[in-house]
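Please open the model in your viewer and keep the selection panel at hand. The stops below go from one selection to the next.

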Amino acid sequence: DQVVVEVPVAFVYNGISHAVMMSTPADLEDLALGFSLSESILSSKEQLLGVDIIHREQGMELAMEITAEPFAALKQRRRALDGRTGCGLCGVEALQQLSLHTEPVGNRLQLSQQAPQDALASLAEMQDLKAATGGVHGAAWCDPAGTILLLREDVGRHNALDKMLGAVAREELDRDGFALVTSRASYEMVVKAGTCGVEFLAAVSAPTDLAISRAGAAGMTLAGFLQPGRMAVYSGAQRLME
């Protein structure tokens, strides 16, 4: 039996440790960039000057060098995260630290209702790690026709999304597309996607009420329970054409 690998991965910015997440040790440069963008540590990929992947006895370290402006802002809101694969708020110590603000996304995307179905139909054949282990989540970036342009996998659903968002930014793919995730759509999945300008997030499982609320506030299209021949659209239905 092949078993998925899970290791602690530390995110270190200019020598200062910021977070430790449990992750699958693949596509770690994409994870470093995607996490930095989706957590609003960086506003562009150009602010990430370099990433060194360092193997430690306890796990792995992503030693990132970032420009002065985002590093100064990061020090102001520095927090320590005790990593979990299914938790996105582990570093928030008090309710006052929790921000529910969601930036508005663009409004350029139009696609047919068939596009998410076409993406779903080709999803399984692209999930090599899931086929081998059965123990990972996937996040795909799809063009408006429903063709999957890239896919990233990880034991953590947030990490899979961050890897995909990082890969999209690094490869400078066209942002006129949509994200497809194999997990549920939680509040943080919506916020991460929206922070990176994703207009449409489709999930094969359920959304939460807070995810629906945040998607609506951002003007994002949020679909859940994507299955062959059906899906439930909770916000932003204007982007889907008959």
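Begin by selecting the six strands that, in this predicted model, form an open sheet in the order E8-E7-E9-E10-E11-E12, with mixed pairing. At its edges you will find strand E8 (148–154) and E12, each of which pairs on one side only. If you look along the sheet, neighbouring strands are turned against each other by 20° on average, with direction ignored.

Next, go to the edge formed by E8, where strand E7 (residues 137–142) runs antiparallel to E8 and is joined to it by six bridges. To pick out one of the paired positions, select Cys142 together with Ile148 of E8, its bridge partner. With these strands still displayed, add helix H5, which packs on the sheet and touches E7, E8 and strand E9 (178–181), while its direction makes about 140° with that of E8.

Now move to the other edge strand, E12. Strand E11 (residues 221–227) and strand E12 (residues 230–235) pair in the antiparallel sense over four bridges, and selecting Ala223 will lead you to Val233, its bridge partner in E12. The hairpin of these two strands has two residues between them, and there Gly229 takes a positive phi near 85°.

Return to H5 (residues 157–171) and display it with helix H6 (residues 187–195): their axes come within 10 Å and cross at roughly 10°. Because angles under 35 degrees count as roughly parallel, H5 is roughly parallel to H6. To see the contact itself, select Arg157, His158, Leu161, Asp162 and Leu165 on the H5 side, and Glu188, Met189, Lys192 and Ala193 on the H6 side. What is the make-up of the residues in this contact of H5 with H6? They divide into four nonpolar, one polar and four charged.

For the last stop, turn to the nonpolar interior. In soluble globular proteins, nonpolar side chains tend to be buried together. The largest nonpolar core here has 47 residues, of which Phe11, Tyr13, Met64, Met164 and Leu201 touch the most other members; H5 supplies the largest share of this core, seven residues. Centre the view on Tyr13 and, leaving aside its neighbours within four places in sequence, show the residues in contact with it: His18, Ala32, Phe35, Ser36, Ile41, Met64, Ile66, Phe71 and Leu74. Apart from this core lies another, of 19 residues, which you can locate by selecting some of its members, among them Leu109, Leu120, Leu226 and Leu240.

Note on methods. Residues are numbered from 1 along each chain as its sequence is written. This is a predicted model: local features need pLDDT of at least 70, side-chain atom pairs count only at pLDDT 80 or more; totals for chains, interfaces and linings use all residues. Side-chain values use heavy atoms; hydrogens and water are left out. Axes are lines fitted to C-alpha atoms, for helices over the stretch in contact, and angles run from 0 to 180 degrees between N-to-C directions. Angles under 35 degrees count as roughly parallel, over 145 as roughly antiparallel, 65 to 115 as roughly perpendicular and the rest as oblique. Contact means heavy atoms within 4.5 Å. Ala, Val, Leu, Ile, Met, Phe, Trp, Tyr, Cys and Pro count as nonpolar, Asp, Glu, Lys and Arg as charged, and the others, Gly among them, as polar. A nonpolar core is a set of buried Ala, Val, Leu, Ile, Met, Phe, Trp, Tyr and Cys residues joined through side-chain atoms within 4.5 Å. Buried means under 20% relative accessible area, exposed over 50%, partly exposed in between (1.4 Å probe, protein chains only). Two strands pair if DSSP finds at least two bridges between them.
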